[in-house]
Amino acid sequence: MLINKESQIKSLKKNQELLEGKIKFLQDTCKRAGAQIKKLESELKEATAWKEDEVEKFRNRLRDSAPYEKRLAND
């Protein structure tokens, strides 16, 4: 009976160590994922700002350029 209890305790300690290892792995993975998400959000923000700037430049060029028909007549 004593041997059975000792083996159960040993087994439970081993399971506890395995579970603690899995918890640590998952915590580390979540930290890395969180950092990656922040990086991607930053890149998305930069890309959106760049796109808006480029669209504004394009609109300004269209507004400031001569109409297509006038350009054809000048050629």
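Me: How much area does the protein expose, and what share do carbon and sulfur atoms supply?
Reply: About 7,500 Å² is exposed, and carbon and sulfur atoms supply 60% of it. Accessible areas are from the Shrake-Rupley method with a 1.4 Å probe, and for residues only the protein chains shown count as cover. This is a predicted model: local features need pLDDT of at least 70, side-chain atom pairs count only at pLDDT 80 or more, and totals for chains, interfaces and linings use all residues. Residues are numbered from 1 along each chain as its sequence is written, and side-chain values use heavy atoms, with hydrogens and water left out.

Me: What percentage of the residues is buried?
Reply: Of the 75 residues in the protein, 0% are buried. Buried means under 20% relative accessible area, exposed over 50%, and partly exposed in between (1.4 Å probe, protein chains only).

Me: Secondary structure, then. How many helices and strands?
Reply: Two helices and zero strands. Both types are DSSP runs numbered from the N terminus: helices are H or I with at least four residues, strands are E with at least two.

Me: How many salt bridges in the whole structure?
Reply: Four. The criterion is a side-chain nitrogen of Lys or Arg within 4 Å of a carboxyl oxygen of Asp or Glu.

Me: Which residue does Asp28 pair with?
Reply: Lys24, at 3.4 Å from N to O.

Me: Where do those two sit relative to each other?
Reply: Both are in helix α1 (residues 2-64), four residues apart, so about one helical turn separates Asp28 from Lys24. Asp28 is partly exposed, with a relative accessible area of 27%.

Me: Which residues form the salt-bridge network?
Reply: Asp53, Glu54 and Lys57. Lys57 meets Asp53 at 3.5 Å, N to O, and meets Glu54 at 3.4 Å, N to O.

Me: What is the spacing along the helix for Lys57 and Asp53?
Reply: Four residues in helix α1, about one turn. Glu54 and Lys57 are three residues apart in that helix, again about one turn.

Me: And how accessible is Lys57?
Reply: Lys57 is partly exposed at 41% relative accessibility. Asp53 is partly exposed at 38%, and Glu54 is partly exposed at 28%.
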